[in-house]
Amino acid sequence: MLAIPTRWADNDVYGHVNNVEYYAFFDTVINAWLIREGGLDIHRGEVIGVCAESRCEYKAPLEFPETVEAALRVGQLGRSSVRYEIALFREGADEPAATGHFVHVFVDREARRPVEIPERLRGALERLVVDA
């Protein structure tokens, strides 16, 4: 679980967090995990993750100044790709405000061709795998 504070700029004219920000929350919880637990070097690493697919189902609005609690798990782990499953909660809430998924394909930074997920990254991702 990662706590992500909302910002004033996240709200739209209707007084709730704009839908595009939910995807930023997805990206934040995923990359925070990959960097912290998997050792992903986003600036100089030979391997990077690129988004191949994403989806969000909105269930309840979020608003500034709430803190979003982002939960992350891995639904499918392949040779070069991973499907994350994410839930966003209002702080302390039992039911999610949004759920979704995000697929990363790991590629060579220069060639942009799929590569096998590096061992340390794979180890971090394996800890998040849920049984079907």
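Helices are taken here as DSSP runs of at least four residues, numbered from the N terminus. The model described is a predicted one. In it, helix H1 covers residues 19–38 and holds both Tyr22 and Phe25, which are three residues apart, about one turn of the helix.

The overall architecture gives this helix its setting. Five strands form an open sheet, ordered S1-S3-S4-S5-S2, with antiparallel pairing. S1 and S2 are the edge strands, each pairing on one side only. From one strand to the next, the twist averages 30 degrees. H1 packs on this sheet and touches S1, S2, S3, S4 and S5, while its direction makes about 55 degrees with that of S5. A further helix, H2, lies across S3, S4 and S5 and runs at about 110 degrees to S3.

Strand S5, residues 98–108, pairs with two neighbours. Eleven bridges join S5 to S2, and these two strands run antiparallel; within S5, Val107 stands opposite Ile48. With strand S4, residues 81–90, S5 pairs over eight bridges, again in the antiparallel sense. Val103 in S5 is the bridge partner of Arg83. Strand S5 is also mostly covered, with nine of its eleven residues buried.

The geometry of H1 can be checked against its length. At 1.5 Å a residue, its 20 residues should span 28 Å, and the end C-alpha atoms are 28 Å apart, which agrees. Gly39 follows H1 and has a positive phi, near 70 degrees. The buried residues of the helix are Glu21, Tyr22, Phe25, Phe26, Val29, Ile30, Trp33, Leu34 and Gly38. Their cover includes strands S1 (2–5), S2, S3 (67–77), S4 and S5, together with helix H2 (119–126). An α-helix has 3.6 residues a turn, so residues three or four places apart point the same way.

Attention now turns to the aromatic rings. A pair of such rings is described by the distance of the centres and the angle of the planes. With a limit of 6.5 Å between ring centres, the count comes to five aromatic pairs. One of the pairs joins Tyr22 and Phe25: their centres are 6.3 Å apart and their planes stand at 55 degrees, so the pair is tilted. The angle falls between the limits of 30 degrees for stacked and 60 for edge-to-face. Both residues are in H1, and both are buried, Tyr22 with a relative accessible area of 3% and Phe25 with 4%.

Tyr22 has a second ring partner, Tyr58. This pair is edge-to-face, with 4.9 Å from centre to centre and 85 degrees between the planes. Whereas Tyr22 and Phe25 share a helix, the pair of Tyr22 and Tyr58 links distant parts of the chain, since Tyr22 lies in helix H1 and Tyr58 in strand S2 (residues 47–58), 36 residues apart. Tyr58 counts as partly exposed, at 38% relative accessibility. Ring pairs thus link Tyr22, Phe25 and Tyr58 into a cluster. The cluster brings together residues of H1 and a residue of S2, which is an edge strand of the sheet.

Technical notes. Residues numbered from 1 in each chain as written. Predicted model: local features only at pLDDT ≥ 70, side-chain atom pairs only at ≥ 80, totals over all residues. Heavy atoms only, no water. Phe/Tyr/Trp six-rings, centres within 6.5 Å; stacked < 30°, edge-to-face > 60°. Buried < 20%, exposed > 50% of the residue type's maximum accessible area, 1.4 Å probe, protein only. Pairing = 2+ DSSP bridges. Expected span 1.5 Å × (residues − 1). Contact = heavy atoms within 4.5 Å. Axes fitted to C-alpha atoms, helices over the stretch in contact; angles between N-to-C directions.
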